[in-house]
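Work through these exercises with the model open beside you. Try each task before reading its solution.

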Amino acid sequence: AETKPVFVDFTAEWCLTCKVNKKLVLETDGFEELKAKHGLVSMRADWTKRDDRITEFLRMNGAVGVPFYIMKVNGKLIPLGETVSLSKIETHLL
(Lines give C-alpha, C1' and ligand atoms only; values in the text may rest on other atoms or scores of the structure.)
Protein backbone atom coordinates (compact mmCIF):
# COMPACT_ATOMS: atom_id res chain seq x y z
CA ALA A 1 0.00 0.00 0.00
CA GLU A 2 2.99 2.32 -0.41
CA THR A 3 1.44 4.16 -3.36
CA LYS A 4 -2.23 3.35 -2.82
CA PRO A 5 -4.53 5.37 -0.59
CA VAL A 6 -5.27 3.65 2.72
CA PHE A 7 -8.32 3.88 4.97
CA VAL A 8 -8.01 2.65 8.57
CA ASP A 9 -11.02 1.86 10.76
CA PHE A 10 -10.13 1.97 14.47
CA THR A 11 -12.86 -0.05 16.14
CA ALA A 12 -13.78 -2.36 19.02
CA GLU A 13 -16.35 -5.11 19.45
CA TRP A 14 -17.94 -3.29 22.41
CA CYS A 15 -18.34 -0.01 20.48
CA LEU A 16 -21.96 0.57 19.46
CA THR A 17 -21.15 3.60 17.30
CA CYS A 18 -18.53 1.54 15.46
CA LYS A 19 -21.14 -1.10 14.66
CA VAL A 20 -23.54 1.54 13.33
CA ASN A 21 -20.84 3.09 11.13
CA LYS A 22 -19.94 -0.35 9.77
CA LYS A 23 -23.56 -1.13 8.92
CA LEU A 24 -24.32 2.25 7.35
CA VAL A 25 -21.01 2.91 5.55
CA LEU A 26 -18.17 0.41 5.78
CA GLU A 27 -20.11 -2.76 4.96
CA THR A 28 -22.02 -1.31 2.01
CA ASP A 29 -21.77 -1.84 -1.72
CA GLY A 30 -20.99 1.87 -2.00
CA PHE A 31 -17.84 1.50 0.10
CA GLU A 32 -16.75 -1.52 -1.95
CA GLU A 33 -17.29 0.48 -5.15
CA LEU A 34 -15.31 3.41 -3.72
CA LYS A 35 -12.41 1.08 -2.86
CA ALA A 36 -12.42 -0.44 -6.34
CA LYS A 37 -12.71 2.91 -8.13
CA HIS A 38 -9.79 4.52 -6.27
CA GLY A 39 -7.63 1.50 -5.40
CA LEU A 40 -8.32 2.23 -1.75
CA VAL A 41 -6.83 -0.24 0.72
CA SER A 42 -9.03 -0.74 3.77
CA MET A 43 -7.56 -1.82 7.11
CA ARG A 44 -9.03 -2.38 10.56
CA ALA A 45 -7.31 -1.69 13.89
CA ASP A 46 -9.12 -3.69 16.59
CA TRP A 47 -9.02 -1.97 20.00
CA THR A 48 -11.34 -4.47 21.70
CA LYS A 49 -8.59 -5.47 24.14
CA ARG A 50 -7.02 -1.98 24.42
CA ASP A 51 -3.81 -2.64 22.51
CA ASP A 52 -1.08 -0.21 23.66
CA ARG A 53 0.17 0.45 20.11
CA ILE A 54 -3.32 1.41 18.97
CA THR A 55 -3.83 3.54 22.09
CA GLU A 56 -0.61 5.45 21.34
CA PHE A 57 -1.54 5.96 17.67
CA LEU A 58 -4.98 7.26 18.66
CA ARG A 59 -3.45 9.64 21.21
CA MET A 60 -0.85 10.93 18.73
CA ASN A 61 -3.65 11.72 16.27
CA GLY A 62 -5.91 13.53 18.71
CA ALA A 63 -8.38 10.71 19.39
CA VAL A 64 -9.38 9.54 22.85
CA GLY A 65 -11.03 6.33 21.72
CA VAL A 66 -13.02 4.59 19.03
CA PRO A 67 -14.49 4.93 16.56
CA PHE A 68 -11.73 6.78 14.79
CA TYR A 69 -11.00 6.90 11.08
CA ILE A 70 -7.86 8.01 9.30
CA MET A 71 -6.62 7.93 5.73
CA LYS A 72 -3.19 8.04 4.18
CA VAL A 73 -3.25 9.65 0.75
CA ASN A 74 -0.09 10.60 -1.16
CA GLY A 75 1.98 10.00 1.97
CA LYS A 76 -0.15 12.36 4.09
CA LEU A 77 -2.21 11.26 7.11
CA ILE A 78 -5.74 12.67 7.10
CA PRO A 79 -7.70 12.17 10.33
CA LEU A 80 -11.43 11.84 9.64
CA GLY A 81 -12.50 11.78 13.27
CA GLU A 82 -15.31 9.74 14.79
CA THR A 83 -17.80 9.97 11.96
CA VAL A 84 -17.48 8.64 8.47
CA SER A 85 -19.42 8.82 5.22
CA LEU A 86 -18.73 7.80 1.65
CA SER A 87 -18.60 11.43 0.55
CA LYS A 88 -16.19 12.33 3.37
CA ILE A 89 -13.84 9.54 2.28
CA GLU A 90 -14.12 10.25 -1.44
CA THR A 91 -13.39 13.96 -0.94
CA HIS A 92 -9.83 13.05 0.01
CA LEU A 93 -9.39 10.72 -2.96
CA LEU A 94 -10.17 13.25 -5.69
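Helices here are DSSP runs of at least four residues, numbered from the N terminus. The model is predicted.

**Exercise 1. A patch on the surface**

Find the helix that holds Leu-16, and decide whether Leu-16 is buried or exposed.

Step 1. Locate the residue. Leu-16 lies in helix H1, which spans residues 16–26.

Step 2. Apply the cut-off. Exposed means over 50% relative accessible area. Leu-16 has 64% relative accessibility, so it counts as exposed.

Step 3. Look at its partners. Leu-16 forms a nonpolar surface patch with Val-20 and Leu-24. Together the three have about 320 Å² of accessible area.

Step 4. Note the spacing. An α-helix has 3.6 residues a turn, so residues three or four places apart point the same way.

**Exercise 2. Two residues of strand E1**

Classify Asp-9 and Thr-11 as buried or exposed, then list what each one touches.

Step 1. Place them. Asp-9 is in strand E1, residues 6–11. Thr-11 lies in strand E1 too.

Step 2. Apply the cut-off. Buried means under 20% relative accessible area. Asp-9 has 2%, so it is buried. Thr-11 is at 2% relative accessibility and counts as buried.

Step 3. List the contacts of Asp-9. Leave out neighbours within four places in sequence. Asp-9 is then in contact with Lys-22, Leu-26, Met-43, Arg-44, Ala-45, Phe-68 and Tyr-69.

Step 4. Do likewise for Thr-11. Not counting residues up to four places away in sequence, Thr-11 touches Cys-18, Lys-22, Arg-44, Ala-45, Asp-46, Trp-47, Thr-48 and Val-66.

**Exercise 3. Salt bridges**

How many salt bridges are there, and which parts does the pair Arg-44 and Asp-9 tie together?

Step 1. Recall the rule. A side-chain nitrogen of Lys or Arg must be within 4 Å of a carboxyl oxygen of Asp or Glu. By this rule the count is 6 salt bridges.

Step 2. Take the pair in the task. The side chains of Arg-44 and Asp-9 form a salt bridge, at 3.2 Å from N to O. Arg-44 lies in strand E2 (residues 41–46) and Asp-9 in strand E1, so this pair ties together parts that are 35 residues apart in sequence. Arg-44 is exposed, with a relative accessible area of 51%. Asp-9, at 2%, counts as buried.

Step 3. Turn to a pair within a helix. Lys-35 and Glu-32 meet in a salt bridge at 3.2 Å, N to O. Both lie in helix H2 (residues 29–38), 3 residues apart, about one turn of the helix. Lys-35 is buried, at 18% relative accessible area. Glu-32 is partly exposed, at 42%.

**Exercise 4. The start of helix H3**

What does a side-chain oxygen of Asp-51 reach at the start of helix H3?

Step 1. Find the atom. H3 covers residues 52–60. The Asp-51 oxygen comes to within 2.8 Å of the backbone nitrogen of Arg-53.

Step 2. Check the side chains. Those of Asp-51 and Arg-53 also meet in a salt bridge, at 3.3 Å from N to O.

Step 3. Compare the cover. Asp-51 is partly exposed at 25% relative accessibility. Arg-53 is exposed at 68%.

Step 4. Move along H3. Met-60 is found in this helix. Met-60 is exposed, with 58% relative accessibility. Just after H3, Gly-62 takes a positive phi of about 80 degrees.

**Exercise 5. Backbone exceptions**

Find where Arg-50, Asn-74 and Pro-67 lie.

Step 1. Know the rule. Most residues other than glycine have a negative phi, and most peptide bonds are trans.

Step 2. Arg-50 lies in the loop between E2 and H3. Its phi is positive, near 55 degrees.

Step 3. Asn-74 is in the loop between E3 and E4. Although not a glycine, Asn-74 has a positive phi of about 50 degrees. Asn-74 is exposed, at 77% relative accessible area.

Step 4. Look at the strands on either side. E3 (residues 68–73) and E4 (residues 76–81) run antiparallel and are joined by 5 bridges. Their hairpin has 2 residues between the strands. Lys-72 stands opposite Leu-77 in E4.

Step 5. Pro-67 is in the loop between H3 and E3. A cis peptide bond joins Val-66 to Pro-67, with omega about 5 degrees.

Notes: Residues numbered from 1 in each chain as written. Predicted model: local features only at pLDDT ≥ 70, side-chain atom pairs only at ≥ 80, totals over all residues. Heavy atoms only, no water. Polar contact = N/O pair within 3.5 Å; in protein donor to acceptor, adjacent residues only side chain to side chain. Pairing = 2+ DSSP bridges. Patch = residues over 30% accessible without salt bridge, like charges linked within 9 Å, V, L, I, M, F, W, Y side chains within 5 Å. Areas by Shrake-Rupley, 256 points an atom, 1.4 Å probe, with all protein chains shown as cover. Buried < 20%, exposed > 50% of the residue type's maximum accessible area, 1.4 Å probe, protein only. Contact = heavy atoms within 4.5 Å.
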